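Student: I have just opened this structure and would like a guided tour. Could we go through it with questions and answers?

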Amino acid sequence: MKISLLTLLAPLLTAACLLPEERAGLPRKVHRRQTSNGLAVGTGDRFSGGTIAPRGLGTQSTTLTSILNVAEVSSGLKALAAVYNITIFNTPYTTFNGRTIQGGKVGGVGTCNNAYRVYLNGGIHARERGSHDGLLFFIGDLLYANANDVGLTYGSKSYTAAQVKTALTAGIVFVPLSNPDGVAYDQSSNSCWRKNRNTASGSSGSSVGIDLNRNFDFVWELSKWASSVRSDVASSSPSSEIYHGTAPFSEPETKSIKWVLDTYAKVRWFIDLHSYTGDVLYSWGSDTNQQTTPTMNFLNSAYNSVRGIVSDRPGSNGGYGEYVSSAESTANIAAAKRIGSAMSTAAGRTYSVIPAADLYATSGASDDYSFSRHYADTTKNLVHGYTVEFGFGNSGASCPFYPTSAQHQNNIKEIGAGFMETLLAAVDLGLGDALVC
Ligand SMILES: [Zn+2]
């Protein structure tokens, strides 16, 4: 298999959750003259105690003047329930700092748990500002458009009122802010904080917290990776930005995401929303995809010494590749291309659509975990899992994950278009079993 130019350049060109120096295990560069923290975090409650429903940039022409604070996400959810009569819920797990993790569900044909076939997740990496905003505002737009029989317009990407109705038939379960402790800390400190705030493994500075997107049960054990990549795919050092915790699903935040997938057991499509660098990443993230050797897979310990070396292509030269069936691969890529195209159209910035491992190999990430569930346990539903990295970074800020106001407007439009396209692609490509409620 040919190695694409993009594959070779990706580690140099892209940040996507981890900055180049963080990938190398070095301290984050401090730009002394860059004191801006980008668009400010809101200080009030624009949803007025859960009475004014969130409305994004798909149903109105306006400028979002600040980032949503943590309390506003809760207020916004409450308002969606009050205005549109949707159901909101708390997951059963309380965070280290005592917060609940909230979600909601909308649309679907029927109201039993099996009616929800798309799961949208935001805010897992604390510093990636705009993630919880983009998800909450998209749901607000979708419900507003449905109630008022209008379409959605995200920049140059438009959808009709009929497409809004179609999208809602997919049934959506959503969690806008899956790392509330981390976000609350990041917003109050402007410290470019990525992890959660659990102090079980370290109580000061960078040793606090677990990288939630290395804590899922997907080849979590570093011994299952080639020795040359073990320090890249995750870390067992608490001070690392990619510290994976003490065990898979050791954290209430990742437990919560697993709980959503277990509870809404017919979810067929999953998106975890991150920033930045304009990528739609489809599985696998463990190594190069291959469709020829089913036994060459993440469950097979015979490959522990070679797993994760992305540069050794599977096949002719004996390298490892992660198995994906041809039909699933086709669907994974088809939806990813549609999402990337919609996001690119919205604000005229080009999104790349690539396998996650082309960015960098990862252990314990949510996209691979969701997609791996039916391989690890054939009684589980197939879930097409994705990581979407919105935005393109703010080189003028103290933390490049903090967007300028202009960047934030574009980000929110791109996220809206990407989620809307996800729902339509899901309906077109398949939602799974006929509903039995
Ligand atoms: Zn991220």
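Tutor: Gladly! One definition to start: a residue counts as buried when its relative accessible area is under 20%, and as exposed when that area is over 50%. Please keep in mind that this is a predicted model.

Student: Which residues of α9 are buried?
Tutor: Helix α9 covers residues 326-347. With the cut-off of under 20% in mind, we can go along the helix and pick out its buried positions. They are E328, S329, A331, N332, A335, A336, I339, G340, A342, M343, S344 and A346.

Student: How far apart are the end C-alpha atoms of α9?
Tutor: Helix α9 has 22 residues, and at 1.5 Å a residue they should span 32 Å. The model agrees with that expectation, because the end C-alpha atoms of α9 are separated by 33 Å.

Student: Which residue just after α9 takes a positive phi?
Tutor: Look just past the end of the helix, where phi is about 75°. The residue there is G348.

Student: Which residues coordinate the zinc ion?
Tutor: The donor spacing in sequence is C-x107-H-x2-E-x145-H. The distances to the zinc ion run from 2.1 to 2.4 Å, and the donor atoms are SG, ND1, OE, OE and ND1. They belong to C17, H125, E128 and H274.

Student: How many residues apart are E128 and H274?
Tutor: E128 sits in the loop between β3 and α4, whereas H274 is in strand β7. This pair links distant parts of the chain, and the separation is 146 residues.

Student: Is H274 buried or exposed?
Tutor: Its fellow donor E128 has a relative accessible area of 3%, so E128 is buried. For H274 the relative accessible area is 0%, and therefore H274 too is buried.

Student: Are α4 and α5 parallel, perpendicular or oblique?
Tutor: Two packed helices are described by the angle between their axes and the distance between the axes. Here α4 and α5 pack at an angle of about 120°, with axes 9 Å apart. Because angles of 65 to 115 degrees count as roughly perpendicular and those over 145 as roughly antiparallel, the arrangement of α4 and α5 is oblique.

Student: Which residues of α5 make the contact with α4?
Tutor: The crossing of these two helices is left-handed. From α4, the contact uses L142, A145 and N146. From α5, it uses V164, K165, A167 and L168.

Student: What is the C-alpha separation of L80 and A53?
Tutor: L80 belongs to helix α3, and at 0% relative accessibility it is buried. Among the residues L80 touches are A53, L136 and F174. L80 and A53 are 27 residues apart along the chain, yet their C-alpha atoms are separated by 5.2 Å.

Student: Is N85 buried or exposed?
Tutor: N85 lies in the loop between α3 and β1, and its phi is near 60°, a positive value in a residue other than glycine. Its relative accessibility is 69%, so N85 counts as exposed.

Student: Is F249 buried or exposed?
Tutor: F249 also has a phi near 60°, and its place is the loop between α7 and α8. Because its relative accessible area is 12%, F249 is buried.

Student: What is omega for the peptide bond from S275 to Y276?
Tutor: Y276 is in the loop between β7 and β8. The bond leading to it from S275 is cis, with omega near -5°.

Methods. Residues are numbered from 1 along each chain as its sequence is written. This is a predicted model: local features need pLDDT of at least 70, side-chain atom pairs count only at pLDDT 80 or more; totals for chains, interfaces and linings use all residues. Side-chain values use heavy atoms; hydrogens and water are left out. Donors are N, O and S atoms within 2.8 Å of the metal (3.2 Å for Na, K and Ca); water is not among the atoms, so sites may look incomplete. Helices (H or I, at least four residues) and strands (E, at least two) are DSSP runs, numbered from the N terminus. Buried means under 20% relative accessible area, exposed over 50%, partly exposed in between (1.4 Å probe, protein chains only). The expected span of a helix is 1.5 Å times one less than its number of residues. Axes are lines fitted to C-alpha atoms, for helices over the stretch in contact, and angles run from 0 to 180 degrees between N-to-C directions. Angles under 35 degrees count as roughly parallel, over 145 as roughly antiparallel, 65 to 115 as roughly perpendicular and the rest as oblique. A crossing is left-handed if the near helix is turned anticlockwise from the far one by less than a right angle, and right-handed if clockwise. Contact means heavy atoms within 4.5 Å. Lists of a residue's contacts leave out its neighbours within four places in sequence.
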